[in-house]
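Got your viewer open? Let's take a short walk through this model, one selection after another.

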Amino acid sequence: MLSVENAHVTFQVAQTKKWPWSKPGIVHAVNGISFQLEAGKTLGIVGESGCGKSTLIRSVAGLTPLQAGTVQLDGETVDYRNRASMQRLRATMQMIFQDPIASLNPRMTIREIVVEPLAFFKPDMGAEERNTAALAMLERVGIPPAQANRFPHEFSGGQCQRIGIARALVAGPKVLLCDEPVSALDVSIQAQVVNLLKELQREMGLAIVFVAHDLGVVRHISDDVLVMYVGAPMEQAPASALVAHPQHPYTQALLSAVPVPDPRVRIAPQMLEGDLPSPLNLPPGCLFESRCPKAMPKCGSARPPMVTSGQHRAACVLLEDMSEKEAALTH
Ligand code: SF4
């Protein structure tokens with residue numbers, strides 16, 4: 001349903017403490033991300049704040065320009081400079097945002113907010129039909145139709161996120177991009193919104209990309225998980241395999257920080273020392289080398305490619321060595 005191949009996003013920034021005629025700096029926000037997503041499945045994308053996960057999905061949605069890479073949606077390559085292609089993309093792919101209140105127009109009633117996508121994507125529908133469809137969608141996400149004439153400020157954060165979901169899904173998209181949709185909500189409301197997304201996915205066969213920095217939430221909702229660090233892929237695997245046997249040292253550190261209620265199975269969080277590399281000046285070798293407890297001299301010479309070992313794909317020389325041994329055994 002959605003295929004992203006070697007996506008790169010960069011931004012120009014003015015260099016401070018330089019001459020006015022100095023060249024601008026280039027921030028490498030997304031560096032070579034690829035993934036495929038089937039209908040009815042969820043891909044979770046995790047990583048620390050600022051690792052480029054939101055930039056990645058914003059660029060897939062066409063809200064931030066992609067510098068390189070291709071995006072295929074339902075078998076068709078998206079041309080972000082072509083109006084007709086973008087119209088098809090927006091009808092097929094919708095997004096929900098991190099701040100549920102800021103993502104709704106405060107001057108419109110929630111009925112108008114949910115009717116608007118129908119007016120845009122389904123102009124053949126009559127006004128009464130649109131209204132009925134919008135009220136049914138609001139009811140489906142848990143907002144009573146009797147409240148449809150209220151404004152967004154009259155609802156809580158969790159209810160606003162439900163209204164955002166109704167607006168995104170009312171015109172029947174096939175792909176939903178979720179940019180940290182629960183990180184601004186209380187824990188109990190987070191669970192309700194995640195469960196609502198899972199139910200809607202089952203009913204509508206949605207392909208979902210779910211971005212979060214909390215691996216605990218992501219593993220609950222995802223079929224596959226992609227771990228990002230400084231804009232680059234570190235590891236990708238089925239959620240259960242990634243949680244049970246993380247291969248990349250960065251994934252191991254992230255998982256050790258997930259709170260576990262049972263003290264018998266709790267492990268001590270692995271504290272990462274060292275600094276993140278600057279996205280203005282990326283090192284030639286492994287991006288995680290400055291903080292990796294398993295770093296060795298060869299890690300700094302060249303960027304490790306993503307290699308496959310069992311169900312995992314990871315960018316680490318340790319996995320390269322393992323996959324070479326696996327290949328030798330199969331021969
Ligand atoms: Fe650590 Fe080296 Fe693997 Fe990078 S390539 S994660 S530095 S062991």
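Start by selecting strand E1, residues 2–13: ten bridges tie E1 to E2, and the two run antiparallel. (Strands are DSSP runs of E with at least two residues, helices are runs of H or I with at least four, and both are numbered from the N terminus; two strands pair if DSSP finds at least two bridges between them.) Now click Leu2, whose bridge partner in E2 is Leu37.

Before we go on, a little background. What you're looking at is a predicted model, where local features need pLDDT of at least 70 and side-chain atom pairs count only at pLDDT 80 or more, while totals for chains, interfaces and linings use all residues. Residues are numbered from 1 along each chain as its sequence is written, and side-chain values use heavy atoms, with hydrogens and water left out.

Widen the selection to the sheet around E1. Four strands make up this open sheet, in the order E2-E1-E4-E5, with antiparallel pairing. Which strands sit at the edges? They are E2 (25–37) and E5 (76–77), each of which pairs on one side only.

Next, jump to strand E6, residues 93–96. Met93 and Met95 on one side, and Gln94 and Ile96 on the other, are all buried, so both faces of E6 are covered (buried means under 20% relative accessible area, exposed over 50%, and partly exposed in between, using a 1.4 Å probe and protein chains only). Add strand E7, residues 175–179: E6 and E7 pair in the parallel sense over four bridges. Ile96 stands opposite Cys178 in E7.

Now pick helix H9, residues 249–256. Seven of its eight residues are buried, and among them are Pro249, Tyr250 and Leu254.

Then go for the ligand. It has 13 residues around it, and Cys286, Cys292, Cys299, Cys316 and Val317 come nearest (a residue is near a molecule or strand if one of its heavy atoms lies within 4 Å of it). While you're there, click Cys299, which counts as buried at 10% relative accessibility.

Last stop: the cysteines. How many disulfides does the structure hold? Zero, where a disulfide is a pair of cysteine sulfur atoms within 2.5 Å. Select Cys51 to see one case: its sulfur is 15 Å from the closest cysteine sulfur, in Cys286, which is too far for a bond. Cys51 is also buried, with a relative accessible area of 5%.
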